[in-house]
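Here is a short briefing to read alongside the structure. Have the sequence and the model open, and let's walk through a few places worth a look.

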Amino acid sequence: MAFTFKKNERGYSEITFPFMRKVIIGTTQKLFNVRITNPENMPLTGPCFLYGNHSNYFDPFFLNVGLTREPTAGVMTRDQFHRPIRRIFMDSIGIVPTSKYVPEPGIVRSVIKMIGQNRIIVIFPEGGRRWDGRPKPLIETTLKLFWKMKIPVHPIQLHGSHLAWPRWAKRPRLSSVEARFLTPLHSSDFDNYEAFAEACRSKLDFEEYNPPEEAKPIRAWKPASGIHRLLYRCPETGESATVFTPDGKRVLSRAHPFRYRMDHHSRLIDPDGQSHSVVEMYDRIKAMEMEFLRDDCLLEELGSQFYTIGKEHELIKLDRGVARLRETHLDIYYGSVSEQIPLEEIRAVSIEQNHKISITDAQRTIQFTMKHNSVLQWQHYLRRLAKGEKAVRSL
């Protein structure tokens, strides 16, 4: 049986909480200088829900900066539980693992238990970090959970979170993130679920590419590192895996002679000094038709490390291999294993961190890494194919 810390009647360890607060929250403040606004709306104890927009790896810690009396509980993507030490500490404060986009009845039971322990329960209802800083649809089952549990729901807006460390970027930027606590919502104040759900959605309906001036990054080292994960095709020619940065500052394409320099606000500056939106370039790429790489192959990743997920959410290493996406199925090869996964059998496609993709069917979850291509492109293509979209031979 895996080691766990002894927890009190509230469901958290009194040993690990002060240690984690000093180390993790201390690091968070040093990196991002979190500023709390509207502290009068901040919960001091539970039971209640606390939810917000999600763009940054540190968002859960931003929420906890001002909560000094007790740790928050909640659910977190299982990717955070793959490493034993991290799993032990997450468990010690009452965090439970969940799968993205796959219903799990056990999660509701865990939340009911947290409510009974009078916990502040953190949930990010967008289901994953934003890639471009714009709102994602909120998961309906999460909103229904908020409605049915009949406890206060505290919205929080994190301003500057996205630019402080874009999901596609390799490094954080020196910033001052604002944690803005809004007036709590009570389901009893609404006539029906639809009105309540719309109120919840409205609190997160803002984009983060243009945060308040005081929440913009101050400076960054190699701000363009990782840009190929977002700009996964050349915005001029549509050719995949051609955008790159040679030095973490310039953004170039192997398929077109454009040249940009990225500033610490994720703006692309051309040779004439004009500023261009990386989000607008991303939109141009997403609007392009899917193009075959060759023959009937749409995407290919060589040298991937393959994993599967164990019963205790542990990451089980398999072997290195190849993944190829075709219009009707996914081919995977690792070690002596050769498989075809029909697209209609895929239940969920999720991105872990910013370089791993998880494919879940009825039996298991397969995860593999990407060094040469963008996991975002793979996710987009898989979802577009699932909707019946066809690829073209050339643009």
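Let's begin in a loop: Asn354 lies between strands β17 (348-352) and β18 (356-360). Please keep in mind that this is a predicted model. From that loop we move to a second one, then to the sheet, a run of hairpin strands and finally the cysteines.

**The loop at Asn354**

- Is Asn354 buried or exposed? With a relative accessibility of 13%, Asn354 counts as buried, since the cut-off for buried is under 20%.
- The Asn354 side chain comes to 2.8 Å from the backbone oxygen of Arg167.
- Arg167 is also one of the residues in contact with Asn354 once neighbours within four places in sequence are set aside. The others are Trp131, Trp168, Ala169, Arg229 and Val375.

**The loop at Tyr57**

- Tyr57 sits in the loop that links β2 to α2 (59-64).
- The relative accessible area of Tyr57 is 29%, so this residue is partly exposed.
- Which distance separates Tyr57 and His162 in space? Their C-alpha atoms are 9.5 Å apart, although 105 residues separate the two in sequence.

**The seven-stranded sheet**

- Strand β2, met above as one end of the Tyr57 loop, also belongs to an open sheet of seven strands with mixed pairing. Reading across the sheet, the order is β1-β7-β6-β2-β5-β3-β4.
- Which strands form the edges? They are β1 (35-37) and β4 (95-98), each of which pairs on one side only.
- From one strand to the next, the twist averages 25°.
- Inside the sheet, β2 (residues 48-52) and β6 (residues 153-159) run parallel and are joined by four bridges. In this pair, Leu50 stands opposite His154 of β6.
- Helix α5 (residues 140-149) packs on the sheet, where it touches β2, β6 and β5 (120-123). The direction of α5 makes about 155° with that of β2.

**The strands β8, β9 and β10**

- Strands β8 (residues 243-244) and β9 (residues 250-253) run antiparallel, with two bridges between them. Across this pair, Phe244 faces Leu252 in β9.
- Five residues lie between the strands of the β8 and β9 hairpin. In this hairpin, Gly248 adopts a positive phi near 80°.
- Strand β9 also pairs with β10 (residues 256-262), again antiparallel, through four bridges. One partner pair here is Arg250 with Arg261 in β10.
- How many residues lie between β9 and β10 in their hairpin? The hairpin of β9 and β10 has two residues between its strands.

**The cysteines**

- How many disulfides does a search of the whole structure find? The search returns zero.
- Why does Cys234 form no such bond? The closest cysteine sulfur, that of Cys297, is 20 Å from the sulfur of Cys234, which is too far for a bond. For comparison, the cut-off for a disulfide is a pair of cysteine sulfur atoms within 2.5 Å.
- Seen from the other end, Cys297 is in no disulfide either, and its nearest cysteine sulfur belongs to Cys234.
- Cys234 counts as buried, with 0% relative accessibility. Cys297 is buried too, with a relative accessible area of 2%.

Methods:
Residues are numbered from 1 along each chain as its sequence is written. This is a predicted model: local features need pLDDT of at least 70, side-chain atom pairs count only at pLDDT 80 or more; totals for chains, interfaces and linings use all residues. Side-chain values use heavy atoms; hydrogens and water are left out. Buried means under 20% relative accessible area, exposed over 50%, partly exposed in between (1.4 Å probe, protein chains only). Two strands pair if DSSP finds at least two bridges between them. Axes are lines fitted to C-alpha atoms, for helices over the stretch in contact, and angles run from 0 to 180 degrees between N-to-C directions. Contact means heavy atoms within 4.5 Å. A polar contact is a pair of N or O atoms within 3.5 Å; within protein, one must be able to donate a hydrogen and the other to accept it, and residues adjacent in sequence count only if both atoms are side-chain atoms.
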